[in-house]
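Visitor: Please show me the structure under discussion. I should like to work through it by question and answer.

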Amino acid sequence: MNLASLGFFRSLRQDNHQFAVIGLGRFGRSVCSTLHNFGYQVLATDIDEKRVAQALTEQITSHALQLDSTESAALQEAGIFEFDTVIVAIGNYVQESIITTLNVKEGGVPHVIAKASSEVHCKLLQKVGADHVVFPEYEAGCALARTLTKPSILDRVDLDPDHSIVELIVPDEFHGRTIAELQLRNRYGLNLLAVSQDGKFQINPNPNKRLERGSAMVVIGCNKDINRLPI
Ligand code: ATP
């Protein structure tokens, strides 16, 4: 998540327990099953009857309907416009994805998340009113490239284009040194948020704590400073 998405996620209602997912490809199915496993109610829809039946058989949702989402009347009849949040999970059929997103927005759904399969698709979805666009293939590719080039970085949250929170393996150079000795703030401009120990994180660790090879640490700061760490 980054600052650009903050407004959207803040606007989601905490008490919303119902979602509609349009399109039951791999992406739509994973959204459905995760929401369903978390105990939320999900209405899953697809134009393909077999995919609808399969979703019910595999119990990735408790409610599923066959409909053509390019037809506004079908969406209205299914009650899709009454949902607070709708996920348009049609990546490979650009025309259908755009028309569906337009229909759902025109139907008055306040939060519409749509899946894009290319940059142009992404722009078109934004033009027709999607509140949030995800581009999983692109995002996964970026994440993989980062992991390959910096394998010591276990996880990262991009706060904005220049700042991140990063979880990394304690560099060999830091082994056996106390947090105070390392002077991360003076030398790198980074703040240490947490250090792992026995499978858990110690938040705001004591400056006298010695770091150990193989454990993890979490820092916040500028990307250029994070890149200066000996990893
Ligand atoms: P993949 O499964 O390859 O990862 P994906 O998750 O983006 O990609 P798509 O291949 O785009 O999935 O398929 C999404 C689903 O949307 C398909 O099951 C398809 O039947 C469905 N779909 C396509 N057009 C419509 C439509 N007009 N109305 C409802 N569902 C549709």
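Visitor: In the salt bridge that Arg146 forms with Asp158, how far apart are the closest N and O atoms?
Guide: This is a predicted model, in which local features need pLDDT of at least 70 and side-chain atom pairs count only at pLDDT 80 or more, while totals for chains, interfaces and linings use all residues. Residues are numbered from 1 along each chain as its sequence is written, and side-chain values use heavy atoms, with hydrogens and water left out. A salt bridge is a side-chain nitrogen of Lys or Arg within 4 Å of a carboxyl oxygen of Asp or Glu. For Arg146 and Asp158, the closest N and O atoms are separated by 3.2 Å.

Visitor: Which parts of the chain does the pair Arg146 and Asp158 tie together?
Guide: Helices (H or I, at least four residues) and strands (E, at least two) are DSSP runs, numbered from the N terminus. Because Arg146 belongs to one such element and Asp158 to another, the pair ties together parts that are 12 residues apart in sequence: helix H7 and strand E7.

Visitor: Is Asp158 buried, partly exposed or exposed?
Guide: Buried means under 20% relative accessible area, exposed over 50%, and partly exposed in between (1.4 Å probe, protein chains only). Arg146 has 38% relative accessibility and counts as partly exposed. Asp158 has a relative accessible area of 26%, so its class is partly exposed.

Visitor: Which residues are linked with Arg146 in a network of salt bridges?
Guide: The pairing of Arg146 with Asp158 belongs to a wider arrangement of salt bridges. The residues linked with Arg146 in this network are Arg156 and Asp158.

Visitor: To which strand is E7 joined by a hairpin?
Guide: Two strands pair if DSSP finds at least two bridges between them. Strand E7 (residues 153–158) has five bridges to its antiparallel partner, which covers residues 163–169, and Val157 stands opposite Ile165 there. The hairpin passes through four residues and joins E7 to E8.

Visitor: With which residue does Lys115 form a salt bridge?
Guide: Lys115 is in strand E5, and its partner is in helix H7 (residues 136–149), 22 residues apart, so that the pair links distant parts of the chain. Lys115 counts as buried at 10% relative accessibility, whereas the partner counts as partly exposed at 47%. The closest N and O atoms are 3.3 Å apart, and the partner is Glu137.

Visitor: How many salt bridges does a search of the whole structure find?
Guide: Side chains of opposite charge can pair when their charged atoms come close. One further example joins Arg228 to Asp225, with closest N and O atoms 3.2 Å apart. Arg228 is partly exposed at 44%, and Asp225 is buried at 13%. For the whole structure, the number of salt bridges found is seven.

Visitor: Why is strand E5 largely enclosed by the rest of the structure?
Guide: In a regular strand the side chains alternate between the two faces of the sheet. In E5, His111, Ile113 and Lys115 are buried on one side, and Val112 and Ala114 are buried on the other. Strand E5 (residues 111–115) is therefore largely enclosed, the number of its five residues that are buried being five.

Visitor: Which residue of E6 is the bridge partner of Lys115?
Guide: E5 is joined to strand E4 (residues 85–88) by four bridges in a parallel arrangement, where Ile87 stands opposite Ile113. E5 also pairs with strand E6 (residues 132–134) in the parallel sense over three bridges. In E6, the partner of Lys115 is Val134.

Visitor: What is the handedness of the β-α-β unit made by E5, helix H6 and E6?
Guide: A crossover is right-handed if, with the strands pointing away from the viewer, the path from the first strand over the helix to the second runs clockwise. The unit of E5, helix H6 (residues 119–127) and E6 has a handedness that is right-handed.

Visitor: Is Thr100 buried or exposed?
Guide: Thr100 is found in helix H5. Leaving aside neighbours within four places in sequence, Thr100 is in contact (heavy atoms within 4.5 Å) with Ile22, Ser69, Thr70, Val88 and Ile90. Its relative accessibility is 0%, so Thr100 counts as buried.
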